[in-house]
There are 2 protein chains.
Amino acid sequence: MSRLNELRMITRVAQMYHVEGLRQADIAEHLRISQATVSRMLKKAQDEEIVRTTVVSPPGTYGALEGALRQHFGLAEVIVVECAEDRDGAIMARIGEAAAHFLETTMQPGEIIGVSSWSETILKMVDNIHPMKAGKAKYVVQTLGGMGDPAVQTHATQLTTRLAKLTGAEPRLLTAPGVSQSREAKLIMLADQYVRETVDLFGKITVAFMGIGSIEPSRMLARSGNVFSSKELADVAEAGAVGDMSLRFFDIEGRPVKTPLDERVIGLTLEEIARIDRVIGLAGGQAKTNAIFGALKTGVLDVLITEKFTAQRLLAMAGLAPALEEFT
Amino acid sequence: MSRLNELRMITRVAQMYHVEGLRQADIAEHLRISQATVSRMLKKAQDEEIVRTTVVSPPGTYGALEGALRQHFGLAEVIVVECAEDRDGAIMARIGEAAAHFLETTMQPGEIIGVSSWSETILKMVDNIHPMKAGKAKYVVQTLGGMGDPAVQTHATQLTTRLAKLTGAEPRLLTAPGVSQSREAKLIMLADQYVRETVDLFGKITVAFMGIGSIEPSRMLARSGNVFSSKELADVAEAGAVGDMSLRFFDIEGRPVKTPLDERVIGLTLEEIARIDRVIGLAGGQAKTNAIFGALKTGVLDVLITEKFTAQRLLAMAGLAPALEEFT
DNA sequence: TCCCGGTATGGATATTTATTCACTTATGAC
DNA sequence: GTCATAAGTGAATAAATATCCATACCGGGA
């Protein structure tokens, strides 16, 4: 059979199948060949690029950005959400919504959810979760102590409790400060039975939502309720840290930045985070771009949820700027 | 779930399925949803035109032309072949090859093949058929008597016999002139037992290959071995005929043109042709364009095999010229 | 508040598609 | 030539996909 005739035949089969929507058996009958041959021709049509399938992102979705981020940072999933303006308030709201949806649609029954309690983005997520009737989670584990300020403590507790209620899980609180006064103080805290029980669950967490923080002294200080001194923060920044997850610092290349603070923090370590099956990072915004970049480089994240402006900046930082033209 | 989030999800699923080539079950696992939902999302992706599938005709094939002809003339199949130049010799060779391939790939065992024996295009077809080992045809039936000239008679006989041999069938010859001297002469011919047997098979033919002839006195006359007088041909042309199949004439609108000749012709009538399951018309070339157009309009053809120049002319005649731009 | 119709879901299953297998035919080396 | 190898085929069957069904949930009206 001449090559041209074969191609003609394949094209016709592809036409019937993809455009006219006929079934392979019908095509086979029409052309008086076997269904097996039709199947093979269709495969060949793919190989020869006689049929071309393109997936277009609908307006307001960012398939190309997501794909590039997944690829470059080796993530299992990336969600890039639409965001009208590059402003923190709007950004957190959008990311929170997306994260809530993600949690709702991907949560398995019996899951043990870890949550670092004081990220505002995570707060927005919890705000957007609908109460679940079935398919309940098992525990919601607070993975970082509350901050010094009792009001913030309460806040953390409430967040965890609320998430637990929404997911039908039992809350496991960390009734301790996120940062203890000293190594010794931390050990004392850990001796507490309830704290102990929660910490023991760290290794069992199946999915963790991680806020990503940037090292920006003023904001950080505010966030910490003045637990850290300016001096301490300056030291951390000095050591190259660009951001933190659960108060564990890393530099722009994702390398952990060890500091004396580490042994005072009561919460997940980066190693523990890395061992969790699914770790979802939530963050966006101009100021956090470097922190997110570093967080991605640590390799502990499996999923990133962010918005389009940050996504574009991250790709630009990764040296994929030329490709940006596609991502308008 | 927000509409945007749903679209995002669908886009991602389509991406995984069509671009990354994952199976639905894997996608379902990855996204923690059921395979059923993935299937539904993919369907939705089609509906929402998030995935677009296009079938492109490889160079040298004419899917668009074929489609337009099928559509406009209500044909089951159309084959348009590449042809370097709009010249009769090359055209017949190309069409013959394609027809041979068509016969080989679509013939069913036990088929009864009808063949109007004196078209040069059909001759070319027979030249290009490979001997078939299995899946033999039952009979090859000569559907039009030979011409007056005994040499042509022999030619017709050989063509039929050869085709029968190649397809593993038994030849059924029409040992009579295509055009008898008179109505009475025809009746006498039909009284012959062998002729009778062949004619009786006309109604059993399952697939017929039809040459399409144009009414162009000089050519026609030559073809007929001077069986027709110039006068007779002029009369036929006068009556509006533009072409013939098996010496049955029709006008440009496909209406049969009745002439006194009809009752002298020993061969299939248009009505008999129309009753055949698959009728394949073979023809191409500038001079035959009107004839082919008329033949298509008769509605007796199921398949047309022609070449690109004629295909374009036919569409132009049909008033589909504007669309021609697509068919470069 | 409760009930209803409409929509979405996953498990089970029917349908459709891809692959395997046994066999045939074409091709090229010798 | 003839042998081995490669390529292609359809029937049978395995695998993948679409659909059915029973159920759950949402929003709106009594």
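**View 1. The two copies meet through the same surface in this predicted model.** Of the interface residues of chain A, 94% are also interface residues in chain B, so the shared surface follows directly. Chain A brings 35 residues to the contact and chain B brings 33 residues. On the chain A side, α1 (3–19), β1 (51–55), α4 (63–73) and α5 (88–106) each supply at least two residues. The largest share, 9 residues, belongs to α1(A). Sorted by class, the side of chain A that touches chain B holds 14 nonpolar, 16 polar and 5 charged residues.

**View 2. A strand from each chain pairs across the interface.** β1(A) runs antiparallel to β1 of chain B (residues 51–55), and 5 bridges link the two strands. A:Thr54 has B:Arg52 of β1(B) as its bridge partner. Strands of a sheet pair through backbone hydrogen bonds, either parallel or antiparallel.

**View 3. A rotation of 179° superposes chain A on chain B.** The shift along the axis is 0.0 Å, and the RMSD is 0.1 Å. That is the relation of a two-fold axis. A:Thr53 has the C-alpha of chain A nearest the axis, at 2.2 Å. A:Thr53 belongs to β1 (51–55) of chain A, the strand that pairs with β1(B).

**View 4. The open sheet of chain B has 7 strands.** The strand order is β2-β11-β10-β6-β3-β4-β5, with parallel pairing. β2 (77–81) and β5 (170–172) of chain B stand at the edges with a single partner strand each, so one side of each has no neighbour in the sheet. From one strand to the next, the twist averages 15°. Inside the sheet, β3 (residues 112–115) and β6 (residues 207–211) of chain B pair in the parallel sense over 3 bridges. B:Ile113 stands opposite B:Val207 in β6(B).

**View 5. Helices α5 and α14 of chain B contact the sheet.** α5(B) packs on the sheet and touches β2, β6, β10 (278–282) and β11 (303–307) of chain B. The direction of α5(B) makes about 145° with that of β11(B). Helix α14 (residues 308–317) of chain B lies across β2 and β11 of chain B, at about 115° to β11(B).

**View 6. The largest nonpolar core has 83 residues.** B:Ala99, B:Ile280, B:Leu282 and B:Ile305 have the most contacts inside this core. Its largest share, 8 residues, comes from helix α5 (residues 88–106) of chain B. Beyond its neighbours within four places in sequence, B:Ile305 is in contact with B:Ile79, B:Ile95, B:Ala98, B:Ala99, B:Phe102, B:Ile280 and B:Leu282. Another core, of 81 residues, lies apart from this one; A:Val81, A:Ile91, A:Ile273 and A:Leu315 are among its residues. In soluble globular proteins, nonpolar side chains tend to be buried together.

**View 7. Helix α14 (residues 308–317) of chain A is largely enclosed by the rest of the structure.** The reason is burial: 7 of its 10 residues are buried. They are A:Lys308, A:Thr310, A:Ala311, A:Gln312, A:Arg313, A:Leu314 and A:Leu315. These buried residues pack against α4, β2 (77–81), α13 (289–298) and β11 (303–307) of chain A. After α14(A) comes A:Gly319, with a positive phi near 80°.

**View 8. Chain A has 14 helices and 11 strands.** Of the 328 residues in chain A, 48% are buried. Among chain A contacts with a separation of 6 or more, 72% join residues 24 or more positions apart.

Conventions:
Residues are numbered from 1 along each chain as its sequence is written. Chains are lettered from A and ligands numbered from 1 in the order in which they are written. This is a predicted model: local features need pLDDT of at least 70, side-chain atom pairs count only at pLDDT 80 or more; totals for chains, interfaces and linings use all residues. Two residues are in contact if their C-beta atoms, placed from the backbone, lie within 7 Å. Helices (H or I, at least four residues) and strands (E, at least two) are DSSP runs, numbered from the N terminus. Ala, Val, Leu, Ile, Met, Phe, Trp, Tyr, Cys and Pro count as nonpolar, Asp, Glu, Lys and Arg as charged, and the others, Gly among them, as polar. Two strands pair if DSSP finds at least two bridges between them. Copies are superposed by least squares on the C-alpha atoms of residues with pLDDT of at least 70 in both. A nonpolar core is a set of buried Ala, Val, Leu, Ile, Met, Phe, Trp, Tyr and Cys residues joined through C-beta atoms within 7 Å. A residue is buried if 20 or more other C-beta atoms lie within 10 Å of its own, exposed if 12 or fewer, and partly exposed in between; C-beta atoms are placed from the backbone. Axes are lines fitted to C-alpha atoms, for helices over the stretch in contact, and angles run from 0 to 180 degrees between N-to-C directions.
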